[in-house]
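The questions below take a reader through one protein model, step by step, from its surface to its interior. Each answer reasons first and gives the name or value asked for at the end.

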Amino acid sequence: MGSPGSGPAERPTDTGEHVVGRHNTVQGDAGTIVQAGSIHGDVHIANPAGTEAPVPRQLPMAAPGFVNRRAELAYLDSLLPSDSPGAEPAAPGDAAVVVSAIGGAPGIGKTALALHWAHRVRERYPDGDLYINLHGHGPGPRMDASTALDSLLRALGVPPEQIPPDLDGRAALYRSRLDRRRVLILIDDAVTPDQVRPLLPASPTCTVLVTSRGSLSGLVAREGARRMRLDALTAEQSLALLRSRLGPRIDAEPDAARALVDHCARLPLALRILAERLIDRPDTPLRHITAELAAEDERLDALGLTGDELSDVRSVFATSYRALPYDAARVFRYLGVHPGGECTVPVVAAITGLPLRVARSLSERLAAANLLQHVSHDRYRMHDLLRVYAAERFHAEEPEGGERDVVARSADWYLAALRNAVKQTTPNYPMVDAAEAPLAEPPAFTVEEALAWFSVEHRNIGRVVQAAAHHHLYDRAWRLPVAAYPLLERQHRWSEWHALTTAGLAAARTADDRRGQARNLLGLGDVESLMGDHEAALAHYQEALESGREAGEPWVEGFALRQLGELRRARDQGSTALGLFQEALTAFRRANARRGEGMVLLSIAEHERAGGRFDTAIEHCRTAAAIFTDIADAWSTAWAGRVLAAVLADAGRFTEAVAEYESAIAILREVGASGTEALARVGLGETLAAMGDTKNARGHLGAALDFLRSVGDPQADEVEAKLVRLDEAPAAD
């Protein structure tokens with residue numbers, strides 16, 4: 001399938017077994033090392049052998065002007081591990097992971113308290129701090145524990161290809177990575193104990209804080225969590241918060257100030273919003289603001305807007321909202337129904353149709369009024385309670401069906417942005433056309449920028465897919481997973497890729513869109529192959545073949561045939577596999593899909609190599625390499641060189657094989673394809689050993705072993721065994 005120079009989603013397997021992947025399934029050199037790949041090239045390693053992973057520092061900014069909560073802060077201080085720097089060592093048997101489950105109503109300041117305390121003590125944790133938002137009450141689906149662990153493991157420097165696909169495997173690796181390390185972990189907005197339990201380390205040197213609206217009784221009962229119920233501020237604490245922002249005005253009108261506190265239900269979120277409103281009106285007496293809030297209460301009561309979590313603070317939100325200029329109020333409303341958990345300024349422009357500079361200015365204004373939280377450059381988040389109010393205003397003031405339009409505009413923008421990102425990372429991948437042109441231009445990316453952008457935006461894209469399906473925007477719902485496919489694979493997001501492609505396939509089936517079905521079926525087969533579920537992959541590849549032919553998609557047809565052939569070859573059904581490869585070659589040539597043609601030629605070369613027909617295999621490899629060179633696909637050129645080198649070595653043409661391996665390794669190092677480079681070094685080491693050059697063979701096998709050990713590849717044991725055998729042999733002069 002289509003991706004040059006990107007990085008394969010390669011999944012190691014036990015020695016001697018063939019595994020199917022979209023891009024390359026190659027028997028190991030000398031029949032010993034096997035690595036499966038998919039459409040994209042090779043793995044990129046976050047911390048290759050010999051380097052230290054950076055210390056994660058993930059805590060978001062703390063709320064400015066934090067006051068009060070002295071008793072709660074003191075309680076959290078008391079939970080610090082007894083073996084923290086400067087403290088007495090823990091007594092034997094006393095070690096326990098400290099988990100504080102901070103509970104309370106929305107807007108009460110759970111996250112603000114947790115962040116404030118975490119920033120105060122983070123220097124006690126030299127190995128870093130981790131933050132994960134489980135989106136228990138935000139837009140879109142909640143984050144499950146497996147997805148959260150994927151994110152946390154990446155933050156801990158675990159290469160994507162080393163992250164297990166299953167929850168238990170991820171949890172075990174997470175605990176191993178945190179063993180004896182001093183790490184502070186903040187888990188925000190949890191709903192159930194099952195969301196949190198796999199995220200708990202086992203090391204007593206770690207501290208975990210969990211925020212939740214619920215009590216998380218299961219964590220208290222089973223894991224011994226210390227539960228902290230967070231109540232609203234007292235009247236005096238509320239006044240102190242207002243005083244920190246407004247100074248003498250509070251004491252000048254004490255009765256009015258207390259009335260304002262009551263209107264805010266003593267919730268820190270509402271108090272901060274009210275304070276910003278008062279700062280904007282420095283000459284207005286507090287008693288006038290109190291009267292406005294009372295009148296707003298009456299108006300909202302008349303509308304029947306009571307009896308929910310907004311009832312106590314709606315009037316505070318309303319006065320700030322009504323003070324906004326028209327365009328800022330419109331942006332606020334639109335963000336209430338935007339499906340993403342966070343939003344960048346370009347997305348604001350896309351969903352509102354505003355120029356980028358205007359969208360940026362209005363977002364800054366909303367942040368200044370505490371109606372948005374600034375996350376990073378051009379990136380904002382809205383508190384869940386405010387989002388409820390913003391959505392309420394949207395449905396009250398915008399035309400019917402407006403939310404569907406917002407979701408469609410968001411989907412169109414993300415499709416266009418994915419096109420730009422994939423164009424840089426995977427230039428030969430055939431993107432699907434957007435349903436509509438976006439209202440705002442997405443950014444242009446470099447390769448590094450594209451990958452960094454997707455690392456942040458992939459969850460928002462998943463939420464947009466869900467929202468598009470909910471609003472019957474099936475054309476968008478099936479296109480987004482197809483567009484995200486190369487980046488999901490490049491970053492080894494197997495579980496997310498499977499979920500998104502399943503959703504995309506469901507949308508295409510509902511719409512009876514055969515093209516959408518074909519593309520998503522092919523993607524589903526790919527990720528299932530990479531996850532080791534070959535039976536499911538076989539069924540989906542077969543269905544993709546049928547749908548691709550019906551939809552007139554020879555690109556899908558060609559890769560479905562190739563992958564079916566690889567599955568058959570893995571089962572020693574060589575004659576059946578060769579027939580499928582020949583059909584795939586015909587399909588690719590009919591579509592002028594040159595990279596697909598080259599990849600099938602390599603599959604045929606492997607088939608010929610297994611049968612000892614080396615001259616034919618060499619010819620196919622060289623034809624494939626010429627194709628990849630002609631289309632400027634560096635990674636695929638190197639991959640073809642590696643396959644060619646293996647064939648030459650099997651044919652006894654060792655000097656030529658060494659030259660091919662060295663050329664491939666040089667290219668792979670240049671494009672950062674560490675995984676394939678390691679495999680090429682194994683082949684080169686074996687070839688040098690066969691030539692009697694044990695010294696250089698040890699060097700290449702040792703370098704490959706370092707990499708395989710660094711990513712936890714089980715093939716490392718086999719490579720180490722090769723090194724042991726070499727050590728027992730005399731070195732050549």
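Accessible areas here come from the Shrake-Rupley method with a 1.4 Å probe. The model is a predicted one.

Q: How much area does the protein expose, and what share of it do carbon and sulfur atoms supply?
A: The accessible area is taken over the whole protein, and it comes to about 27700 Å². Of this exposed area, the part that carbon and sulfur atoms supply is 50%.

Q: What percentage of the residues in the protein is buried?
A: A residue counts as buried when its relative accessible area is under 20%. The protein, which has 31 helices and eleven strands, contains 733 residues, and the buried share of them is 58%.

Q: Of the contacts with a separation of 6 or more, what percentage joins residues 24 or more positions apart?
A: Two residues are in contact when heavy atoms lie within 4.5 Å. Among the contacts in the protein with a separation of 6 or more, the share that belongs to residues 24 or more positions apart is 69%.

Q: Which span should the twelve residues of helix α4 have, and how far apart are its end C-alpha atoms?
A: Helix α4 covers residues 167–178, and at 1.5 Å a residue its twelve residues should span 16 Å. The expected span counts one less than the number of residues. The distance in the model agrees with this expectation, since the end C-alpha atoms of α4 are apart by 17 Å.

Q: Which elements are included in what covers the buried residues of α4?
A: The residues in need of cover are G169, R170, A171, L173, Y174 and L178, which are buried in α4. Just after this helix, R180 takes a positive phi of about 65 degrees. The cover over the buried residues of α4 includes two strands and two helices, namely β5 (129–133), β6 (184–190), α3 (145–155) and α20 (494–510).

Q: Which residues touch the most other members of the largest nonpolar core?
A: In soluble globular proteins, nonpolar side chains tend to be buried together. The largest nonpolar core of this model has 191 residues, and those that touch the most other members are F332, L418, W453, L480 and L602.

Q: Which residues are included in the second, separate core?
A: Apart from the largest core there is a second one, and this separate core has 31 residues. Among its members are A101, L149, V158 and A171.

Q: What kind of aromatic pair do Y321 and F332 form?
A: The whole structure holds 17 aromatic pairs. In the pair of Y321 and F332 the ring centres are 5.7 Å apart and the planes differ by 45 degrees, an arrangement that counts as tilted. Y321 belongs to helix α12 (residues 314–322) and F332 to helix α13 (residues 326–337), eleven residues apart. Both Y321 and F332 are buried, and their pair is tilted.

Q: Are W453 and F454 buried or exposed?
A: The rings of W453 and F454 have centres 6.5 Å apart and planes at 45 degrees, so this pair is tilted. The relative accessible area of W453 is 11%, so W453 is buried. For F454 the relative accessible area is 1%, so F454 is also buried.

Q: With which residue does the side chain of E342 make a polar contact of 2.6 Å?
A: E342 lies in strand β9 (residues 342–344), and its relative accessible area of 17% makes it buried. Leaving aside neighbours within four places in sequence, E342 is in contact with V375, R379, Y380, R381 and N460. The polar contact of 2.6 Å joins the side chain of E342 to that of R379.

Q: Is D512 buried or exposed?
A: D512 is found in the loop between α20 and α21, and it has a positive phi of about 55 degrees although it is not a glycine. A511 is found in that loop too, and with a relative accessible area of 38% A511 is partly exposed. For D512 the relative accessible area is 58%, and as the cut-off for this class is over 50%, D512 is exposed.

Terms used
Residues numbered from 1 in each chain as written. Predicted model: local features only at pLDDT ≥ 70, side-chain atom pairs only at ≥ 80, totals over all residues. Heavy atoms only, no water. Helix = DSSP H or I, 4+ residues; strand = E, 2+ residues; numbered from the N terminus. Buried < 20%, exposed > 50% of the residue type's maximum accessible area, 1.4 Å probe, protein only. Core = buried A, V, L, I, M, F, W, Y, C linked by side-chain atoms within 4.5 Å. Polar contact = N/O pair within 3.5 Å; in protein donor to acceptor, adjacent residues only side chain to side chain. Phe/Tyr/Trp six-rings, centres within 6.5 Å; stacked < 30°, edge-to-face > 60°.
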